[in-house]
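Here's a quick tour for anyone meeting this structure for the first time. Have a look at it before reading on.

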Amino acid sequence: MDHSMHTSHSMSGGHDMPMGSSCSMHMLWNTQIVDTCIVFPSWHIRSTHGFIFSCLIIIALGILYEWLRGFQKQYEIHLARSLVFEGKGKGRATPRASGRNTPEYDSEESGLLNGRRVKKSPESTPVPFIPRVVRASLYGLTVFLSFFLMLIFMTYNAYLIIAVVLGAAIGHYIFGSNVNVNDLLSEISGLKTMACH
């Protein structure tokens, strides 16, 4: 029995309609260029030029992600300095003549000597409302962009994966040109990587 005549009927409800190009979804490594959809059906690649342009956009998103991470870190430093300047937070303690670093050290020592527990002051400083909104917004944008790049990576398209990695590498090269040696050596800075967020 020949069913070749029935193939057009099953997809189009019995009418012969021309089928346009559609998005291809691959769950395996692929190198498809035309008919690739990136995250949304509306981001449908229909030509090689469109694919190259999309790769450039993805590289720019990777660079933007790295800039945003750097900007977020600089904002945190600026905020910490302004809180210290306003007297709301503690700056780095400098050794005094006795060799002790902070007043907490004195109270800790006196607590150990007399057997009483001494309650330490909290290490964190409350952040005012507007800076908290800015911090939360920057964090949200960073998380959104990292997950968006992850979804692009999950197309399993080799060229798009290379574009994500290139964008991250170029962005890190441009915006990661300085290193705070003291923070790195004392393991203070939480080294966040491109891995999700």
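What follows goes from the whole chain to one helix and then to a pocket.

## The whole chain

Keep in mind that this is a predicted model. The chain has six helices and two strands. Starting at the N terminus, the elements come in the order α-β-β-α-α-α-α-α.

The chain counts 197 residues, and 23% of them are buried. Now take the contacts between residues at least 6 apart in sequence: 62% of these join residues at least 24 apart.

## A look at helix α5

Helix α5 covers residues 158-175, so with 18 residues at 1.5 Å a residue it should span 26 Å. Its end C-alpha atoms are indeed 26 Å apart, which agrees with that expectation. At the start of α5, Asn157 uses a side-chain oxygen to reach within 2.9 Å of the backbone nitrogen of Tyr159.

Which residues of α5 are buried? They are Ala158, Leu160, Ile161, Ala163, Val164, Gly167, Ala168 and Gly171. Their cover includes β1 (36-37), plus the helices α2 (48-85) and α4 (129-153).

## The second largest pocket

Rolling a probe the size of a water molecule over the atoms reveals where space is left empty. The second largest pocket has a volume of about 240 Å³. Its lining is made up of 14 residues, and those nearest the pocket's centre are Met25, Cys37, Val39, Met154 and Thr155.

What kinds of residues make up the lining of this pocket? Eight are nonpolar and six are polar, with no charged residues in the lining.

Terms used
Residues numbered from 1 in each chain as written. Predicted model: local features only at pLDDT ≥ 70, side-chain atom pairs only at ≥ 80, totals over all residues. Heavy atoms only, no water. Helix = DSSP H or I, 4+ residues; strand = E, 2+ residues; numbered from the N terminus. Expected span 1.5 Å × (residues − 1). Buried < 20%, exposed > 50% of the residue type's maximum accessible area, 1.4 Å probe, protein only. Contact = heavy atoms within 4.5 Å. Polar contact = N/O pair within 3.5 Å; in protein donor to acceptor, adjacent residues only side chain to side chain. 1 Å grid on protein atoms, 1.4 Å probe; cavity = no way out; pocket = protein on both sides within 12 Å on 5 of 7 lines; lining within 4 Å. Points joined across faces, edges and corners; volume = space filled by probe spheres on them. Nonpolar A, V, L, I, M, F, W, Y, C, P; charged D, E, K, R; others polar.
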